[in-house]
Amino acid sequence: MRIRIVDAFTDRPFAGNPAGVLLLDDVFPDDDWLQNVAMEVNHAETAFAHRLPAGGEADWALRWFTPVAEVAMCGHATLATAHVLHTTGAHEGPVRFATRSGVLVATPGPDGAITMDFPTAPLTEVAVPDGVGEALGAAPVVAYDTGPNVGDLLVELADERTVLALAPDHKALTAHSTRGVIATARADDPSLGYDFVSRCFFPNVGIDEDPVTGSAHTALAPHWSARLGRDDLAGLQASRRAGLVRTGLRGDRTLLTGRAVTVIEGELLA
């Protein structure tokens with residue numbers, strides 16, 4: 001079968017977040033095979049999708065695996081899968097994915113960007129856990145639980161420069177959430193094209209730092225929309241590869257918009 005590597009949340013190769021994408025002919029193979037392929041691809045996520053019968057609530061079934069575990073939600077690999085479906089002609093127009101997080105819809109725009117409709121993460125303010133500041137190397141201003149779908153601890157830091165300078169102790173971070181920690185701050189200069197900045201550390205699923213995380217923005221969107229008083233924002237995830245995610249808060253749904261580029265296409269022989 002064909003296997004593709006797609007850089008998501010970017011309009012150029014070798015930026016954004018790379019994801020493996022495999023379009024399957026039929027139902028999902030056994031979980032061990034899926035996990036082994038994801039381990040072989042060795043990117044933050046590998047997406048597996050197969051077409052569903054016509055007339056149902058979704059068009060394609062979709063699952064996501066890191067090199068070490070299946071995850072409940074992944075934005076960049078969903079964007080990558082929608083990109084592959086549209087660029088190969090496997091699907092036209094909006095595509096509905098059946099996932100562990102419910103039905104997720106990805107809609108291509110006339111400019112080539114894709115907008116995904118995800119559930120908004122329910123934020124619950126919590127006391128900053130002991131040891132988080134030491135593990136990150138910076139003291140959080142406030143902390144939130146992001147609910148079961150995202151599974152992260154969201155922490156706001158003093159400013160953008162603090163987020164950019166983080167050099168965390170990844171092993172120490174594993175004690176503080178199901179998946180990892182989202183560190184964020186308001187943009188120092190919004191005229192540069194983004195309203196807030198973030199970095200995401202997910203050592204519990206084998207990813208010390210994720211390049212660009214769509215699912216994290218379902219928590220970042222309500223946080224920063226409340227802070228900034230606007231529903232439509234742009235977030236820069238400031239990893240080494242970096243990427244831009246445009247967010248639109250729509251109550252219990254969050255729209256995530258970005259671009260993607262296919263950089264590798266080959267044949268999986270295993």
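Let me begin with one proline, P67, which, if we set aside residues up to four places away in sequence, touches Q35, A38, M39, N42, H43 and A44. Before going further I should say that what we are looking at is a predicted model, so please keep that in mind throughout. P67 is found in the loop between β4 and β5, the latter being residues 70-71, and with a relative accessible area of 13% this proline is buried. It also gives us a first example of how the chain folds back on itself, since P67 and L34 are 33 residues apart in sequence and yet 9.8 Å apart in space, going from C-alpha to C-alpha.

Let me now step back to the whole protein, which has 7 helices and 18 strands. How does its radius of gyration agree with that of a compact globule? With 270 residues, such a globule would have a radius near 18 Å, and the protein has 18 Å, so the two agree. Along the principal axes, the C-alpha trace spans about 50 × 35 × 30 Å. Of the 270 residues, 56% are buried, and if we take the contacts with a separation of 6 or more, 62% of them are between residues 24 or more positions apart. The accessible surface comes to about 11,400 Å², and carbon and sulfur atoms account for 51% of that area.

Next, the aromatic rings, where the structure holds 3 aromatic pairs. In one of them, the rings of F48 and F65 have centres 5.8 Å apart and planes at 85°, and because an angle over 60 degrees counts as edge-to-face, that is what we call this pair. F48 lies in strand β3, residues 45-51, while F65 lies in strand β4, residues 60-65, so the pair ties together parts that are 17 residues apart in sequence. Both residues are buried, F48 with a relative accessible area of 0% and F65 with 2%. Ring pairs also bring in W33, which is linked with F48 and F65 into a cluster.

Another aromatic pair, F196 with W224, is stacked, with 6.1 Å from centre to centre and 10° between the planes. Here F196 lies in strand β13, residues 196-202, and W224 in helix α7, residues 217-228, so this pair ties together parts that are 28 residues apart in sequence. F196 is buried, and W224 is buried as well.

Rings can also have a charge over them, and I would like to point out two such places. The charged end of R63 sits over the ring of F28, at 5.2 Å from the ring centre, and R179 lies over the face of F202, with 4.0 Å to the centre of that ring.

Finally, let us turn to the cysteines. For those new to the term, a disulfide is a covalent bond between the sulfur atoms of two cysteines. How many disulfides does the structure hold? The count is 0. Why is C74 without a bond to C200? The closest cysteine sulfur to that of C74 is the one in C200, and because it is 11 Å away, it is too far for a bond. Seen from the other side, C200 is in no disulfide either, its nearest cysteine sulfur being that of C74. Are these two residues buried or exposed? C74, at 3% relative accessibility, counts as buried, and C200 is buried too, with a relative accessible area of 0%.

Definitions and conventions: Residues numbered from 1 in each chain as written. Predicted model: local features only at pLDDT ≥ 70, side-chain atom pairs only at ≥ 80, totals over all residues. Heavy atoms only, no water. Phe/Tyr/Trp six-rings, centres within 6.5 Å; stacked < 30°, edge-to-face > 60°. Helix = DSSP H or I, 4+ residues; strand = E, 2+ residues; numbered from the N terminus. Buried < 20%, exposed > 50% of the residue type's maximum accessible area, 1.4 Å probe, protein only. Lys NZ or Arg CZ within 6 Å of the ring centre and 35° of its normal. Disulfide = S-S within 2.5 Å. Contact = heavy atoms within 4.5 Å. Rg over C-alpha atoms; globule rule 2.2 N^0.38 Å. Areas by Shrake-Rupley, 256 points an atom, 1.4 Å probe, with all protein chains shown as cover.
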